[in-house]
Amino acid sequence: VFPQGIHPPPGQNDVIPVDDGHYPEQTDDVQLAIRTARADPRCDGRVYFVGGSAGASHSIYMAATGTHGDDRPDLVVALSGPYELDDVAHLQAPCVPPETCFVEAVLNYIPEPSATDISDHNYFPFLGSLHTASPTTYVTRDMPPLFIMISSNDTGGVDTYQFPDLIAKLDSVGLTETLLGVPVSGQYKKNIIQRAGINFRMRL
């Protein structure tokens, strides 16, 4: 933990009050990790991401917002992630203890809400901030190869309709699903795993 005002990624110093773990601090951390890996002399210049749950969300976010050859991963495998944080249907979904509650997790991810807002699921005033923090807000046709997977019986706070939300947004900006077994540049490959026991827990 760094003292106030000296976080290595500058975005971590922009959140008031300064703390750790809220948007955009985590994505700034991921950006720093990409640049560090790419600059490592042991790296051939390519950076690949495999992320589950929140890790999948951050991976797609950087694939959409990063710059080729700098802070954008060269390939992303995303497993059961939350991609559209302002999805009202998901925000209104009932919480099922002891699983992570989607609305509480995503409200906790952005810096504005109070503890009462989070516990009361008062998401409406923060839809703009949730939209800003959502990977689906930024997807474009100019993205690295994407392999997007979800379990047919997913749990842990990420319902299966976050998967079609992302696919629909990719389709809307002109990305297409490759017919090959692996994704290629500017395309994605999707897969639904028919399993009952796969559980990627969200850690926002």
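This passage describes a buried serine, a nonpolar surface patch and the pairing of three strands in a predicted model. Local features need pLDDT of at least 70 and side-chain atom pairs count only at pLDDT 80 or more, while totals for chains, interfaces and linings use all residues. Residues are numbered from 1 along each chain as its sequence is written, and side-chain values use heavy atoms, without hydrogens or water.

Ser59 is part of helix α2, residues 54–65 (helices are DSSP runs of H or I of at least four residues, strands runs of E of at least two, both numbered from the N terminus). Ser59 counts as buried because its relative accessibility is 4% (buried is under 20% relative accessible area, exposed over 50%, partly exposed in between; 1.4 Å probe, protein chains only). A polar atom of the Ser59 side chain lies 2.7 Å from the backbone oxygen of Gly55. Beyond its neighbours within four places in sequence, Ser59 is in contact (heavy atoms within 4.5 Å) with Phe49, Gly51, Pro73 and Val76.

Val182 is located in the loop between β4 (176–177) and β5 (187–193). The relative accessible area of Val182 is 52%, so this residue is exposed.

Strand β5 pairs with two strands (pairing requires at least two bridges found by DSSP). Strand β3 (residues 146–151) runs parallel to β5 and is joined to it by 6 bridges; here Ile150 stands opposite Ile192 in β5. The pairing of β4 with β5 is also parallel, over 2 bridges, and Glu177 stands opposite Tyr188 in β5.

Notes
Polar contact = N/O pair within 3.5 Å; in protein donor to acceptor, adjacent residues only side chain to side chain. Patch = residues over 30% accessible without salt bridge, like charges linked within 9 Å, V, L, I, M, F, W, Y side chains within 5 Å. Areas by Shrake-Rupley, 256 points an atom, 1.4 Å probe, with all protein chains shown as cover. Salt bridge = Lys/Arg side-chain N within 4 Å of Asp/Glu carboxyl O.
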